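Here are a few exercises to work through with the structure open beside you. Try each task yourself before you read the solution.

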Amino acid sequence: MDQELDIVNAILRATGEAITLTLTTLHPSVVQAKDTMASNNLDFQSRGWWFNRERNIKLLRNTAGEIILPAETMQFQQTQNQLNCRNGVHKEKYVDRGRKIYDNFNHTYVLTEDIYADLILLRPVNELPAIAASYLKHLCRESVVIDDDGDTVKVDRIKEQKAEAWHRLYSHELKTTAQNALDSPAAQQLRYRIGSINTPSNAYVPGGRMFDF
């Protein structure tokens with residue numbers, strides 16, 4: 001299914017325009033609808049979701065010693081493991097500037113180490129999970145109707161549909177992130193401790209179990 005075409009046509013219907021069979025047309029209404037979709041997609045994905053997060057990516061230096069971020073990068077942050085090894089302001093040593101990683105302390109783009117990072121990437125609309133594309137469609141419809149239509153009944157109905165789509169999307173996000181959290185080594189160790197028997201307990205230890213090493 002062409003999700004971009006579906007969203008553009010939803011925008012056109014919401015504003016009383018005729019739908020289109022192709023996105024290559026230069027019709028002003030279609031061009032405007034595509035701009036609306038792109039703008040809302042940028043805002044929507046910038047939050048970071050299960051489908052556009054990349055965890056623990058090793059960013060390699062090029063021959064000039066620079067790290068160039070992928071063009072679709074929306075947010076960059078060193079992995080928590082690397083940040084835990086630094087104190088205070090040293091956690092801010094590396095920042096992204098113009099798609100390059102900048103060393104704040106040595107004031108240079110030429111780095112002495114590769115970096116592990118978590119990235120949020122902008123995904124094409126046609127690559128979004130169906131549940132995310134559905135929410136984006138309702139978000140786009142709401143934005144154009146509020147701007148162009150004075151029909152409060154119509155606006156309220158579209159807001160309600162968007163709210164329902166949000167709840168479905170966010171519920172899926174919570175379910176996915178909860179599953180990932182339970183798969184982490186820390187969570188597995190915690191479950192092991194909670195499930196252990198004949199083990200001294202300690203209220204100050206996560207899980208209430210204490211081990212002698």
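## Exercise 1: The aromatic cluster

One aromatic cluster is made up of Phe44, Trp49, Trp50, Phe51, Tyr135, Trp166 and Tyr170. Bear in mind as you look around that this is a predicted model.

**Task.** Take Trp49 and Trp166: how are their planes set, and which parts of the chain does the pair link?

**Solution.** Start with the rings. Their centres are 5.6 Å apart. Next, check the angle: the planes of Trp49 and Trp166 stand at 80°, and over 60 counts as edge-to-face, so that is what this pair is. Now find the two residues in the chain. Trp49 is in the loop between helix 2 and strand 1 (53-59), while Trp166 is in helix 5, 117 residues apart from it. The pair therefore links distant parts of the chain.

**Task.** Are Trp49 and Trp166 buried or exposed, or something in between?

**Solution.** Buried means under 20% relative accessible area. Trp49 has 0%, so it is buried. Trp166 comes in at 27%, so it counts as partly exposed.

## Exercise 2: Another ring pair

**Task.** Work out what kind of pair Tyr102 and Tyr109 make, and how much each is covered.

**Solution.** The ring centres of Tyr102 and Tyr109 lie 5.0 Å apart. Their planes are at 65°, so this pair is edge-to-face too. As for cover, Tyr102 is buried at 11% relative accessible area, whereas Tyr109 is partly exposed at 29%. By the pairing rule, the count of aromatic pairs comes to ten.

## Exercise 3: Getting the overall layout

**Task.** How many helices and strands does the protein have, and what pattern do they follow?

**Solution.** Count the elements: there are six helices and five strands. Then read along the sequence, and you get α-α-β-β-α-β-β-β-α-α-α. To see how the chain comes together, take the contacts between residues at least 6 apart in sequence: 61% of them join residues at least 24 apart. Of the 213 residues, 34% are buried. The surface exposes about 13100 Å², with carbon and sulfur atoms supplying 52% of that.

## Exercise 4: Finding the cores

**Task.** Which elements give two or more residues to the largest nonpolar core, and which gives the most?

**Solution.** Begin with the core itself. It has 27 residues, and those with the most contacts inside it are Ile7, Val8, Ile11, Met37, Phe44, Leu128 and Leu136. Two or more residues come from each of helix 1 (3-14), helix 2 (28-46), helix 4 (130-148) and helix 5 (152-182). Helix 4 gives the most, with eight residues.

Now zoom in on Ile7. Setting aside residues up to four places away in sequence, Ile7 touches Met37, Val125, Ala133, Leu136, Lys137 and Cys140. There is also a second, separate core of eleven residues, which includes Phe76, Ile101, Ile115 and Ala117. In soluble globular proteins, nonpolar side chains tend to be buried together.

**Task.** Where does Asn9 lie, and is it buried or exposed?

**Solution.** Asn9 lies in helix 1. At 7% relative accessibility, it counts as buried. Leaving aside neighbours within four places in sequence, Asn9 is in contact with Ile19 and Thr20.

## Exercise 5: A hairpin and its turn

**Task.** How do strand 3 and strand 4 run, and how many bridges join them?

**Solution.** Strand 3 (residues 94-97) and strand 4 (residues 100-103) run antiparallel, joined by four bridges. For one pairing, look at Tyr94: its bridge partner in strand 4 is Asp103.

Next, look at the turn. Two residues sit between the strands of this hairpin, and Gly98 takes a positive phi near 60°. Arg99 is in the loop between strand 3 and strand 4. Its phi is near 70°, positive in a residue other than glycine. At 42% relative accessible area, Arg99 is partly exposed.

His107 lies in the loop between strand 4 and strand 5 (115-121). Its phi is positive as well, at about 55°, although it is not a glycine. His107 counts as exposed, at 58% relative accessibility.

## Exercise 6: Judging confidence

**Task.** Where does pLDDT stay under 50?

**Solution.** Start from the average, which is a pLDDT of 84, with 77% of the residues scoring at least 70. Then look for the low stretches. Residues 190-197 stay under 50, and the model has twelve contacts for them beyond four places in sequence. Residues 201-213 also stay under 50, with 23 such contacts. Where pLDDT is low, the predicted coordinates should not be read in detail.

Methods: Residues numbered from 1 in each chain as written. Heavy atoms only, no water. Core = buried A, V, L, I, M, F, W, Y, C linked by side-chain atoms within 4.5 Å. Buried < 20%, exposed > 50% of the residue type's maximum accessible area, 1.4 Å probe, protein only. Contact = heavy atoms within 4.5 Å. Pairing = 2+ DSSP bridges. Areas by Shrake-Rupley, 256 points an atom, 1.4 Å probe, with all protein chains shown as cover. pLDDT = per-residue confidence, 0-100. Phe/Tyr/Trp six-rings, centres within 6.5 Å; stacked < 30°, edge-to-face > 60°.
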